[in-house]
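Hello,

Here is the structure I promised to pass on to you. Have a look at it first, and then read my notes below.

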Amino acid sequence: CRQLNRILPRQRGLLERIYRLQRRALPQLLSLEQVAQQLDISVNTLKRQLKLQKTNFAQQLDAIRRDAARQLLQQGHYSNRQLAIRLGYSDEHNFRRAFKRWTGLLPSNFKSLLNSPSL
């Protein structure tokens with residue numbers, strides 16, 4: 001029973017714990033192995049739990065970066081280069097491409113929408 005309690009954390013709680021771990025680690029990203037170790041579960045258990053939530057580790061990393069990018073853009077005083085560095089991207093081009101995939105907008109267009117008087 002003790003092992004099951006450790007292996008089967010509440011599903012929603014698991015995603016929240018992964019989110020918190022990764023956000024604290026930014027701009028570094030923790031590997032699957034590092035996250036599993038910090039959660040005190042095996043890599044296979046972590047993968048299985050994520051699959052039960054219809055997600056995977058890469059999707060979780062993407063969501064964490066997306067949320068952090070939106071939050072930083074709302075603060076309004078970071079360049080694309082600074083955002084890329086803060087989010088762990090190798091360069092600003094990769095950050096812009098990811099942001100466009102997430103939102104359909106370039107970061108500069110997103111900033112313009114935030115500053116629009118109609119919002």
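**What I found in the model**

A36 is a good place to start: with a relative accessible area of 1%, this residue is buried. Please keep in mind as you read that the model is predicted.

A36 sits in helix 3, which covers residues 32-39. Which residues does A36 contact, once its neighbours within four places in sequence are left aside? They are I41, S42, V43 and L46. For L46 there is also a distance to give: its C-alpha atom and that of A36 are separated by 6.2 Å, and the two residues are 10 residues apart along the chain.

**The overall picture**

Stepping back, the protein has eight helices and zero strands. Written out in sequence order, that gives the pattern α-α-α-α-α-α-α-α. Of the 119 residues in the protein, 36% are buried. Among contacts with a separation of 6 or more, 53% are between residues 24 or more positions apart. The protein exposes about 7,900 Å², and 48% of that is supplied by carbon and sulfur atoms.

**Helix 4 and the stretch around it**

L46 comes up again in helix 4, which runs over residues 43-52. The buried residues there are T45, L46, Q49 and L50. Looking down the axis of helix 4, you will see these buried residues fall within an arc of 135°, so they line one face of the helix. N44 and K51, on the other side of helix 4, are exposed. Just after helix 4 comes K54, which takes a positive phi of about 60°.

This part of the chain also has an annotation. UniProt, in an unreviewed entry, lists residues 29-67 as "coiled-coil region". In the model, the span of residues 29-67 is 74% helix and 0% strand, and its end C-alpha atoms lie 14 Å apart.

L50 has a partner in helix 5, since Q60 lies in helix 5 and touches L15, L50 and T55, not counting residues up to four places away in sequence. Is Q60 buried or exposed? At 13% relative accessibility, Q60 counts as buried.

**Y78 in its loop**

Further along, Y78 is found in the loop between helix 5 (57-75) and helix 6 (80-86). Its relative accessibility is 14%, so Y78 counts as buried. Apart from neighbours within four places in sequence, Y78 is in contact with L72, L83, R86 and K111. With R86 there is a polar contact as well: the side chains of Y78 and R86 make it at 3.1 Å.

**The aromatic residues**

I kept the aromatic residues for the end. How many aromatic pairs does a search of the whole structure find? The search finds four. One of them is F95 with F99: the ring centres are 5.9 Å apart and the planes are at 45°, so this pair is tilted. A pair counts as tilted when the angle is neither under 30 degrees nor over 60.

Both F95 and F99 lie in helix 7 (residues 92-103), and they are four residues apart, about one turn of the helix. F95 is buried, with a relative accessible area of 0%. F99 also counts as buried, at 0% relative accessibility.

F99 has another ring partner, F110. The centres of the F99 and F110 rings are 5.2 Å apart and their planes are at 75°, so this pair is edge-to-face. Since F99 lies in helix 7 and F110 in helix 8 (residues 107-115), the pair ties together parts that are 11 residues apart in sequence. F110 is buried too, with a relative accessible area of 13%.

Which residues form the aromatic cluster? Y89, F95, F99, W102 and F110 form one cluster.

If you would like a route through the model, try this one:

- Begin at A36, in helix 3, and look for its contact with L46.
- Turn helix 4 until you see T45, L46, Q49 and L50, which are buried.
- Find Y78 in the loop between helix 5 and helix 6, then its polar contact with R86.
- Finish at F99 and F110, the edge-to-face pair.

Happy exploring, and best wishes

Notes: Residues are numbered from 1 along each chain as its sequence is written. This is a predicted model: local features need pLDDT of at least 70, side-chain atom pairs count only at pLDDT 80 or more; totals for chains, interfaces and linings use all residues. Side-chain values use heavy atoms; hydrogens and water are left out. Helices (H or I, at least four residues) and strands (E, at least two) are DSSP runs, numbered from the N terminus. Buried means under 20% relative accessible area, exposed over 50%, partly exposed in between (1.4 Å probe, protein chains only). Contact means heavy atoms within 4.5 Å. A polar contact is a pair of N or O atoms within 3.5 Å; within protein, one must be able to donate a hydrogen and the other to accept it, and residues adjacent in sequence count only if both atoms are side-chain atoms. Accessible areas come from the Shrake-Rupley method with a 1.4 Å probe; for residues, only the protein chains shown count as cover. The arc is that of the directions from the helix axis to the C-beta atoms. UniProt positions are given in the numbering used here, feature names are shortened, and annotations may be inferred rather than shown by experiment. Rings of Phe, Tyr and Trp (its six-membered ring) pair if their centres lie within 6.5 Å; planes under 30 degrees apart count as stacked, over 60 as edge-to-face and the rest as tilted.
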